Amino acid sequence: MKYTPNKILQCFLQLLLLSACTLSATDYYMSLQGVGAQDGSDWDNAFAFSRADEVINQQMKPGDTLYLEGNNYGSDTLTINSSGTEEARMQIIGIDRGVSGFPRPTFMGKSRSTNAGANIVLGKGASYWTVKNLQSHRRGWGLKTEGENRRLIVDGVYTHNT
C-alpha cells in the first residue's frame, strides 16, 4: 500500500477527531442530597439527585458517565431519554462509597402492581447506554424500555419484587 501525503493527512485528521471525542467525555458525580458547589465535578461537589432528569437528559453528552452514590433514592423514577452514540456510549454507574449503608443506588417502589410503573425507564429511542450496579425494589418493572432502544448494556442491575 502506497502512503501518499493526502492519505497520511487523512489518517492524522481521523486520529485527531477520535482523540477529541475521547477527551471531551465528562465524568459527573451525584449523591442523594448533593454537596459542596453541586456542580457534579467530583464527590465533594456532587449534584443532588433532584437534578437527575436535567443532568441525564440535558447536560450529559455522548461519552459522558454519571457516577451515582449508593443510597436509598426512594420511589422516584429514574428516566433516561437521551442517547449516546455507537462510538461514545453514555453511562450511569452505581458506586458504593460506604457512606449510607446501601452498597448500590436503590430505588424503592411502593407496590409490585404493573400500575405502579417502573423504577428505571429508558424512554423510546434512548440508546447506547450502559446502566450498571443499580438496584430496584417493589415496582411493576425494575427496569423498563419503551421501544426502539439500541445497544443497551445492563450490568449488575438487581431487581427484587418487581
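## Strands β1 and β2

In this predicted model, strands β1 and β2 run parallel to each other and are joined by 2 bridges. One residue of this pairing can be followed by eye, since Met-30 has Phe-47 in β2 as its bridge partner.

## The open sheet

The pairing of β1 with β2 belongs to a wider arrangement, in which 6 strands form an open sheet with parallel pairing, and their order is β2-β1-β3-β6-β9-β12. At the edges of this sheet stand β2 and β12 (153-155), each of which pairs on one side only.

## Helix α2 and its buried side

Helix α2 spans residues 52-59, and its buried residues are Ala-52, Val-55, Ile-56 and Asn-57. These residues lie on the same side of α2 because they cover an arc of only 165° around the axis.

What do the buried residues of α2 pack against? Their partners are the strands β1 (27-31), β2 (47-48), β3 (65-69), β5 (78-80), β6 (90-95) and β9 (129-132).

## Nonpolar cores

The largest nonpolar core has 23 residues, and those with the most contacts inside it are Ile-56, Leu-78 and Trp-129. Two or more residues of this core come from each of the elements β1, α2, β3, β5, β6, β8 (118-122) and β9, and α2 gives the most, with 3 residues. Ile-56, one of the residues with the most contacts inside this core, is also one of the buried residues of helix α2.

Apart from the largest core lies another core, of 5 residues, and among them are Tyr-29, Ala-46, Tyr-67 and Ile-93.

Definitions and conventions: Residues are numbered from 1 along each chain as its sequence is written. This is a predicted model: local features need pLDDT of at least 70, side-chain atom pairs count only at pLDDT 80 or more; totals for chains, interfaces and linings use all residues. Side-chain values use heavy atoms; hydrogens and water are left out. Buried means under 20% relative accessible area, exposed over 50%, partly exposed in between (1.4 Å probe, protein chains only). Helices (H or I, at least four residues) and strands (E, at least two) are DSSP runs, numbered from the N terminus. The arc is that of the directions from the helix axis to the C-beta atoms. Contact means heavy atoms within 4.5 Å. Two strands pair if DSSP finds at least two bridges between them. A nonpolar core is a set of buried Ala, Val, Leu, Ile, Met, Phe, Trp, Tyr and Cys residues joined through side-chain atoms within 4.5 Å.
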